[in-house]
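Colleague: Please take a close look at helix packing in this model. Then follow the helices to whatever they line.

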Amino acid sequence: MARLILFGPPGAGKGTQAVSLAEDFGIPHISTGDLLRAAIASGSPLGIKVKNFLDQGQLVPDQVVIEMVEERLGQGNVASGWLLDGFPRTIPQAETLEALLEQMGQGCDRVINLQVSEAVLISRMLSRGRPDDTEAIIKERFQVYHQQTEPLLAFYRGRGCLVDIDGDTTIETVSQRIKLALVDLR
Ligand code: AMP
């Protein structure tokens with residue numbers, strides 16, 4: 001049983017680590033970025049509504065992502081836990097998640113904070129080739145991260161569930177460090 005949040009700036013490797021971590025714990029990987037990109041690719045009303053935010057490196061309105069996560073956590077296969085990747089990204093999202101989990105009689109075991117230097121983040125993102133990985137949009141996403149998302153570190157540190165992981169190295173080493181930090185949850 002593990003209820004986990006993967007946290008970090010854009011390009012920190014959240015998506016990469018999330019896939020193996022979710023597999024390892026046998027829990028669903030819930031990525032709001034992936035859900036939003038899938039909605040855009042399908043041309044659904046939600047996709048049409050959110051496309052511009054992603055294109056410009058801006059956050060999608062809280063209500064939209066909150067509804068998505070609420071719906072996903074309400075589905076069947078979360079009994080053994082879950083791994084949230086890219087959510088929450090604002091204080092209102094974190095507060096709503098906390099209230100929602102309380103209603104469900106759940107909590108969050110650990111928030112994993114991937115720490116990576118800005119130079120490494122930029123070079124990783126530029127080599128990734130996603131449409132929102134151009135230099136101008138990367139800059140915008142960093143600014144959004146610093147203004148709206150970084151304050152969550154203090155929020156979760158205050159809850160006593162934050163673990164800092166040095167993510168400035170290879171995928172394998174980061175993965176080992178995360179496993180070590182979660183060893184008590186097995
Ligand atoms: P990601 O794949 O996590 O890097 O997210 C890609 C983009 O999706 C972000 O730049 C935002 O535009 C949007 N997005 C993903 N998660 C959230 C969230 N929790 N709140 C608002 N926007 C989000």
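Modeller: Start with α1 and α9, which are oblique to each other (neither under 35 degrees, roughly parallel, nor over 145, roughly antiparallel, nor 65 to 115, roughly perpendicular). This is a predicted model: local features need pLDDT of at least 70, side-chain atom pairs need 80 or more, and totals for chains, interfaces and linings use all residues. Residues are numbered from 1 along each chain as its sequence is written, and side-chain values use heavy atoms, without hydrogens or water.

The angle between α1 and α9 is about 45 degrees, and their axes lie 10 Å apart (lines fitted to C-alpha atoms over the stretch in contact; angles run from 0 to 180 degrees between N-to-C directions). Helices are DSSP runs of H or I, at least four residues, and strands are runs of E, at least two. The crossing of α1 and α9 is right-handed (near helix turned clockwise from the far one by less than a right angle). From α1, the contact takes Thr16, Gln17, Ser20, Leu21 and Asp24; from α9, it takes Ile171, Val174, Ser175, Ile178 and Lys179 (heavy atoms within 4.5 Å). This contact has 4 nonpolar, 4 polar and 2 charged residues (Asp, Glu, Lys and Arg are charged; Gly is polar).

Now take α2 and α4. Their axes come within 11 Å and cross at roughly 100 degrees. That makes α2 roughly perpendicular to α4. Thr32, Leu35 and Leu36 of α2 meet Val65, Met68 and Val69 of α4. Here 5 residues are nonpolar, 1 is polar and none is charged.

What do α2 and α4 line? Each supplies at least two residues to the lining of the second largest pocket. A pocket is an open set of points on a 1 Å grid where a 1.4 Å probe fits, with protein on both sides within 12 Å along at least five of seven lines; lining residues have an atom within 4 Å of a point. The volume of this one is about 170 Å³ (space filled by probe spheres). α4 gives the most to the lining, with 5 residues. Leu35 and Met68 are among the lining residues, and both also belong to the contact of α2 with α4. By class, the lining has 5 nonpolar, 1 polar and 3 charged residues.

α2 turns up again in the largest pocket, where α2 gives the most to the lining, with 5 residues. That pocket holds about 840 Å³ of space. Of its 46 lining residues, Pro10, Lys14, Arg89, Arg130 and Arg141 are the closest to the centre. α1 and α9 are among the elements that give two or more residues to this lining.
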